[in-house]
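Good morning, and thank you for coming. Please take a moment to look at the sequence and the structure on the screen before I begin.

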Amino acid sequence: MLRRKPTRLELKLDDIEEFESIRKDLESRKKQRDESEVAAAGEEVAAAAAMTLGADHKSREQMINDRIGYKPQPKAGGRAAHFG
């Protein structure tokens, strides 16, 4: 393997300015994305509050079951099921 002397890297003023401009651009994009996510979350909360306050009143257990997609099956009840 050939050995060579380490290369010297020089940081120029143009490089620093380019880095700063890219960094500011990325930060502004991140802020816009965060603000849009907050606005979307606010709309979801408002929609959920409207549903809760509406005529469709559900118990807490039913709301959780709907959210996770659980559909409980009614149990076959009565004595006939046990002593059949």
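I shall go through the overall fold, then the salt bridges, and then two patches on the surface.

Please keep in mind that this is a predicted model.

Let us begin with the fold. The chain contains three helices and zero strands. Followed along the sequence, its pattern reads α-α-α.

How much of the chain is buried? Of its 84 residues, 1% count as buried. A residue is called buried when its relative accessible area is under 20%. The accessible surface of the chain amounts to about 8900 Å², and carbon and sulfur atoms account for 57% of that surface.

I turn now to the charged side chains. In general, side chains of opposite charge can pair when their charged atoms come close. How many salt bridges does this chain have? The count comes to two.

One salt bridge joins Glu20 and Arg23, with the closest N and O atoms 2.7 Å apart. Both residues belong to helix H1, where they are three residues apart, about one turn of the helix. Are these two residues buried or exposed? The answer lies in between: Glu20 has a relative accessible area of 27%, so it is partly exposed, and Arg23, with a value of 37%, is partly exposed as well.

The other salt bridge links Arg29 to Asp25, and here the closest N and O atoms are 3.3 Å apart. Because Arg29 and Asp25 are four residues apart in helix H1, about one helical turn separates them. Asp25 has a relative accessibility of 34% and therefore counts as partly exposed.

Next, the patches. Which residues gather in a patch of negative charge on the surface? They are Asp14, Asp15, Glu17 and Glu18. Glu17, one of this group, is found in helix H1. Its relative accessible area is 48%, so Glu17 is partly exposed; the label "exposed" would require a value over 50%.

There is also a nonpolar patch on the surface, formed by Leu11, Leu13 and Ile16. Together, these three residues have about 330 Å² of accessible area. Where does Leu11 lie? Leu11 is in the segment before helix H1, a helix that covers residues 13-53. Why does Leu11 count as exposed? The reason is its relative accessibility of 68%, since the cut-off for exposed residues is over 50%.

To close, I would ask you to find helix H1 on the screen once more and to locate its two salt-bridge pairs, Glu20 with Arg23 and Arg29 with Asp25. Thank you for your attention.

Methods
Residues numbered from 1 in each chain as written. Predicted model: local features only at pLDDT ≥ 70, side-chain atom pairs only at ≥ 80, totals over all residues. Heavy atoms only, no water. Patch = residues over 30% accessible without salt bridge, like charges linked within 9 Å, V, L, I, M, F, W, Y side chains within 5 Å. Areas by Shrake-Rupley, 256 points an atom, 1.4 Å probe, with all protein chains shown as cover. Salt bridge = Lys/Arg side-chain N within 4 Å of Asp/Glu carboxyl O. Buried < 20%, exposed > 50% of the residue type's maximum accessible area, 1.4 Å probe, protein only. Lys, Arg positive; Asp, Glu negative; His and termini not counted. Charge placed at Lys NZ, Arg CZ, Asp CG, Glu CD.
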